[in-house]
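I opened this model to look up how some of its helices pack and what cavities it holds. My entries follow in the order in which I looked.

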Amino acid sequence: MGGQKMLSAIAERMRPEEEVMDLTRLGSLHSSTLSFMRTLVRHIMKEEWTIERRVFNLDDGGHGTAIYQIATPNDTFSFVLFSEQLADEDRNDRVIATRWDLTMALCEGIVDDIWLEDLRRNVPRQEAGRVDARVFSLSRANRSSRLFSYVLDELCAGRQPDVERIAEVGYLYRTTAVYGSGKLGMADWNKVCTKFPDFARPYAPEMFICYLLRQFSLDQIDHIAKSRAPDSAVALDDRLKRFFGIGNSTGLGMAPYLVNHGELFSQWVEMRETALAQVLHKATPTAWRINLFHDLVKRATKHFAQTRTSDEEQIERNRVLVAELAEVGTWVSNRNDKLTTWFDLSDHAKKTWSLETQELIHAICMEIHPELVNDLEDNCTLVPKPSVDPAMTTARLRQLIEQRYDWALEIDFSDPSSSDAFWYRSEEKLEPRLGFVGADPGVEKQMPLPIGRRVRDCYDALVEDLAAHPKSDVIHFLLRRPSQKSIVRRIQTMSKHKYAEIRANLADRNVRPMDLLRCKLAFFGVSKFDPRSKLWVRNTMYQGAPLIDDIGKTYDSWFLPLKPEMKEAGA
Amino acid sequence: MNVSRNEMIAAVSRAYEGAGHQIGDYEDAAQLVTFSQMCGLGGFEAITVPPAGPKGGATPRLVFENDAMAVIDAGGADVCEHGSLAAHLAYAKGQTSCIATVQLANCRYPALIVGCLSLIAQQGVFVSGYWRDGDGMHGVSFEGGAVFPHYWRIDAPTNAGETSTITIICTGQPALLADAVSHQAERPGAQRLERTAPQIAGDYNQALEQGIAVTKQEWEALNAAAWPILVPSSDHSRAGAGPT
């Protein structure tokens, strides 16, 4: 399938920018078959990567060093993990923490003893350490205080843990940061994507390190149980192992990325929307596909009924979603053979149901048409090329702003409620934080994230300039107003993309960073969103995904993972 | 120590922002300094750390202009401030004229212009740039569509001032540029250093592969230059980020 050719052929049927780029809708996206974790696991399984535990030097408490060696059709890699004893009171999910239960690195090639010692000196220190360009990704994780001891005690007693207890949490470890793309001395993304085809998709190294972390967590708990109770311990049942994911705790640090990497994010959205347009307009809802759809609606109903969160808003959103899914099933059943395209369903959903339900329907539609969708995974990488078109007339630039940034021009930035939120970097590890004028210091040091306000400033300057120089062009405008260089470059660059900007005022008093986090995490492929405030969210990665021992065998879909049936697995 | 391209871009950007430069200028500084450094043309080594503030004032002065030529007075500003504007002006004029010449006068760090010229060369035009500094005379020329230039330097140490003039020539006609380059470069008997585009590309790729070599002291100084844009932390501000 020729990616670009296909993109242009379907372009007219894709959803409009103003609909797709609305932040509330983006904040209602669900993981899909095109999510990065799903793509990665498909490659691992299809290409039958070999993943071996080369070193597993752990003491009875599970502390020590592990190295997993990975062979792909293209290269060899090493996953190096250090497990240390950590007191409960030292466990902290924030970026500002300095110690963790587990720290790890994904490395190029085979790690020898000298390199291992260098990693041992640096990886456990995370941001305070340095690695080199042979390392792709660095991460750390903390034990789930709720679940780890319980599961271990059960295994030691010769029993499988209760699946209901597992479902309450969903993971043994929670990663609190995953670094890549040149941070802390690691390989630059340009190196990874040109030299290592296995990881030449967005966040592939970061997703893979989390996949191996999950595998280690399962291997480690079996190891500790067997060491502690050699006579009575049982190994964790494979069905339960697959139901364990890896926890993730994501705060504000992720939010600026989508704004600062606008071209790349636009590409992700365009890829997803292209897939959706293919399915909605070109796929025939045959009886077989409709049955698949119903199966997934039922699965989704169970999945969201099993999702645990203490956040009142998310509880309500999940409740509405589950209720509406019943209506979706009924509506599709009643249409029977009158359903000629999936667009009929999507169009009805838009008029009838919540954004959560609309976007879940889209994820399900894509799931049942992999033949139209999955090849697009190769279209989500892009080399950003921010550029100025110096010869564009200023009249045309004004028109461009009015057409593509009308949403920004509609905001009244003189109203304090539209401009008194600000994003800044803290002295503590440069952590991004959100402040409010009058309540927090630092507004004069804010990051330039509110694109809408900068566009408004540029537009006002442009209108004034046009009055004095009606026949001018962009380069002369910039020579008169050099302070507008950055935003003009952004406007001209992003306007080349079908889905240009996230349509939200990030300086608004009621800004919802959670929507940015949820959007990005949906592209990653996480499930079980559990917001802990409007600033951070817990979620689960890889729940239901195949284990490394499943590679080379058949495996079940892990879209919308469910609790396994464990009747015969009890002790 | 070695740092990645991504790290250097981020650190230079923060340092220039910390020095008070405007957003478009610190974005440019990050790209230009990193590109020159990776090319082996001494970008990071050329600037002062912490970076100097925006000395040239907000507005470059367009001293002269016709269809094919222009002179911009940078007012003592960094190339990171007005270099990209000069390059874009040369590009725009090169589109409508057979050959365009733009001079950026009275600017600091002229060697950093290479990154600006690379961006416009990548759009398919033939570009050259010339400047003089305390070491001598320098020139770069890009083939149309090229990322990396051919570079030459003629050693002629002088007591050059803090600022220089850069001459940019841009054309869609390679024959015209070849003439211009040969006239500029012909200095029989001069102490001449040359680095070809493949050599420069090799340096760039090696820096990408292994990281960019910097001293620990320089790196720490660069990162320390970001302090003016960071906000002191407090228990209250910690709540504005996530879990406590």
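**Helix packing and cavities**

I began with helix H18 (residues 394-404) of chain A and helix H20 (residues 451-468) of chain A, which pack at an angle of about 145 degrees with their axes 10 Å apart. I note that this is a predicted model, in which local features need pLDDT of at least 70 and side-chain atom pairs count only at pLDDT 80 or more, while totals for chains, interfaces and linings use all residues. Residues are numbered from 1 along each chain as its sequence is written, chains are lettered from A and ligands numbered from 1 in the order in which they are written, and side-chain values use heavy atoms, with hydrogens and water left out.

For my own reference, helices (H or I, at least four residues) and strands (E, at least two) are DSSP runs numbered from the N terminus, and axes are lines fitted to C-alpha atoms, for helices over the stretch in contact, with angles from 0 to 180 degrees between N-to-C directions.

I then looked up which residues meet, taking contact as heavy atoms within 4.5 Å: H18(A) brings, among others, A:Leu397 and A:Ile401, and H20(A) brings residues including A:Val455, A:Tyr459 and A:Leu462. By class, I find 9 nonpolar, 1 polar and 2 charged residues in the contact of H18(A) with H20(A), where Ala, Val, Leu, Ile, Met, Phe, Trp, Tyr, Cys and Pro count as nonpolar, Asp, Glu, Lys and Arg as charged, and the others, Gly among them, as polar.

I turned next to the cavities, each being, on a 1 Å grid over the protein atoms alone, a set of points where a 1.4 Å probe fits but cannot get out, with lining residues having an atom within 4 Å of a point. Grid points are joined across faces, edges and corners, and a volume is the space filled by probe spheres set on the points. The count comes to 6 cavities of 30 Å³ or more, and the largest has a volume of about 240 Å³. Of the 24 residues that line the largest cavity, those closest to its centre include A:Ser31, A:His303 and A:Leu560. Its lining divides into 9 nonpolar, 11 polar and 4 charged residues, and S10(A) gives the largest share, 3 residues.

The second largest cavity holds about 100 Å³ of space, and among the residues closest to its centre are A:Val259, A:Arg490 and A:Glu501. The lining of this second cavity has 12 nonpolar, 2 polar and 2 charged residues.

Key
On a 1 Å grid over the protein atoms alone, a cavity is a set of points where a 1.4 Å probe fits but cannot get out, and a pocket is an open set with protein on both sides within 12 Å along at least five of seven lines; lining residues have an atom within 4 Å of a point.
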